[in-house]
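Dear colleague,

I am handing over the structure we spoke about, and I would be glad if you read my notes with the coordinates open beside them.

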Amino acid sequence: MPVKNRAFVYIKPNANLRSIEAFVGDWLVAKHFKVTARGNFSGGMEDEFEIQHVNSGRKATILRPYELNIPVEGLAVFQECYGLSWSASLEEGLIRNALEALDILDMDAETLLHEWMKCIQAGTMVKLARHTYCALIDIPDRPAIFCINGYHPALRNEYIAPNASIHYYCVEWDDSLANWNTFKHDVIGCSDPSEARPNTLRGVIHSEWADLGLDAPLDIFNNAIHASSSAFEAFAEHLNWLKISINNDPLGCYLYQLGLTPQTLKDWLANTPIRGQHSFDYFETKGSDECIEVVREIVSLGEGNEILHQFDMLYT
């Protein structure tokens with residue numbers, strides 16, 4: 001029996017207005033998606049934020065640039081944009097994470113974000129890998145550096161501010177309405193609102209931002225809406241934000257029934273590797289039934305122990 005797709009969608013703090021709440025809810029229903037629950041979270045969202053943004057946060061504040069695993073494609077993007085190789089820039093100490101940049105440039109998180117947004121407009125910000133962005137911060141009388149995920153400190157401040165809030169929607173639908181890729185690209189819209197199709201949620205908010213009561217137009221890091229990138233990510237977000245147990249989530253129960261051990265499932269929720277890719281990347285754009293089929297294959301081939309071995313090798 002097919003398992004319904006279930007996504008976690010929320011309005012980000014800088015766009016969480018009553019007008020946007022009503023618009024998003026009406027939009028989803030008009031597109032024939034079922035909203036099974038909705039509500040607000042406000043203040044004290046630090047723990048949820050850290051879990052939600054663990055990958056980008058680690059690269060912004062914990063991992064040093066030489067510890068990053070940049071794929072060949074990302075290295076080529078860096079070379080093409082800046083005319084320097086990643087390895088040479090590392091050796092010269094030119095690449096810094098966001099936390100290092102705040103110290104070296106002697107600025108606060110909001111000023112770094114301001115400089116970061118100027119880089120986007122100038123075309124000197126590039127994506128090197130998932131959750132890994134780089135911008136050339138070049139300010140008079142300060143050292144020029146390549147900054148990794150420089151937006152993250154200011155983003156974190158938005159979520160942990162005393163008056164911060166989000167409005168969430170638990171959204172449910174069948175594959176016959178839309179697969180997950182369609183939901184992500186044709187319903188929610190591209191992460192960069194300027195590139196989102198006009199008839200997508202982000203596309204409409206981008207074009208009608210003033211009428212909807214927003215203070216400024218959307219951009220790639222202030223794009224109003226978060227939506228799960230897969231059924232597996234939605235499962236993780238339900239655990240994180242709604243505090244439900246794995247046993248009380250339909251997808252989690254099904255994965256248990258297939259023979260996936262609780263420890264393996266918890267490891268995957270921590271974004272450990274599956275067949276050479278981190279779990280959230282591996283499941284990206286897969287709906288519930290696709291996730292189940294992938295796990296069924298993994299269990300049938302007896303790959304669970306190998307996956308846990310990969311986890312041990314990488315994280316211990």
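What follows is an account of what was found, going from confidence to the sheets, the helices and the charged pairs.

The model is a predicted one, with a mean pLDDT of 91 for the protein and 95% of its residues reaching 70 or more. Residues 305–316 call for care, since the pLDDT is below 50 over this stretch, although the stretch has 19 contacts in the model beyond near neighbours in sequence.

Let me begin with the open sheet, which has four strands in the order β2-β7-β1-β8 and antiparallel pairing. Its edge strands are β2 (34–42) and β8 (225–227), each of which pairs on one side only. On average, neighbouring strands of this sheet are turned by 20° against each other when direction is ignored. The pairing of β1 with β8 is antiparallel and runs over three bridges, and Ile11 has Ile225 in β8 as its bridge partner.

Two helices lie across strands of this sheet. Helix α1 lies across β1, β2, β7 (165–173) and β8, at about 5° to β7, whereas helix α9 (residues 180–188) lies across β1, β7 and β8, at about 25° to β1.

The loop between β1 (5–11) and α1 (18–30) holds Asn16, a residue that counts as buried at 13% relative accessibility. Leaving aside residues up to four places away in sequence, Asn16 touches Ile11, Glu21, Asn40, Ser165, Ile166 and His167. Ile11 thus appears twice in this account, being a contact of Asn16 and also the bridge partner of Ile225 in β8.

A further set of strands is built around β5 (132–137). Strands β4 and β5 pair in the antiparallel sense over four bridges, and Ala129 has Thr132 in β5 as its bridge partner. These two strands form a hairpin with two residues between them, and His131 in the turn has a positive phi of about 65°. β5 is also joined to β6 by four bridges, again in an antiparallel arrangement, with Ile148 in β6 as the bridge partner of Cys134. Five of the six residues of β5 are buried, so this strand is largely enclosed by the rest of the structure.

Helix α3 (residues 54–61) packs in this part of the model, and its buried residues are Ser56, Gly57, Lys59 and Ala60. Because these residues cover an arc of only 165° around the axis, they sit on the same side of α3. The elements they pack against are β3 (95–97), α6 (98–104), β5, β6 (145–148) and α8 (152–160).

I turn last to the charged side chains, of which the structure holds 15 salt bridges. Side chains of opposite charge can pair when their charged atoms come close.

What does the salt bridge between Arg130 and Asp281 tie together? The side chains of these two residues meet at 2.6 Å, N to O. Arg130 lies in the loop between β4 (125–129) and β5, while Asp281 lies in helix α14 (residues 279–282), so the pair ties together parts that are 151 residues apart in sequence. Asp281 is partly exposed, with a relative accessible area of 25%.

A second pair lies within a single helix: the side chains of Glu293 and Arg296 meet in a salt bridge at 3.2 Å, N to O. These residues are three apart in helix α15 (residues 288–300), which means that about one helical turn separates them. Both count as partly exposed, Glu293 at 45% relative accessibility and Arg296 at 36%. Elsewhere, salt bridges that share partners join Arg130, Lys184, Glu233, Asp281 and Glu284 into one network.

The third pair is that of Glu100 and Arg96, whose closest N and O atoms are 3.8 Å apart. Is Glu100 buried or exposed in this salt bridge? With a relative accessible area of 14%, Glu100 is buried, whereas Arg96 is partly exposed at 23%.

With best regards

Conventions: Residues are numbered from 1 along each chain as its sequence is written. This is a predicted model: local features need pLDDT of at least 70, side-chain atom pairs count only at pLDDT 80 or more; totals for chains, interfaces and linings use all residues. Side-chain values use heavy atoms; hydrogens and water are left out. A salt bridge is a side-chain nitrogen of Lys or Arg within 4 Å of a carboxyl oxygen of Asp or Glu. Buried means under 20% relative accessible area, exposed over 50%, partly exposed in between (1.4 Å probe, protein chains only). The arc is that of the directions from the helix axis to the C-beta atoms. Contact means heavy atoms within 4.5 Å. Two strands pair if DSSP finds at least two bridges between them. pLDDT is the predictor's confidence in each residue, from 0 to 100. Axes are lines fitted to C-alpha atoms, for helices over the stretch in contact, and angles run from 0 to 180 degrees between N-to-C directions.
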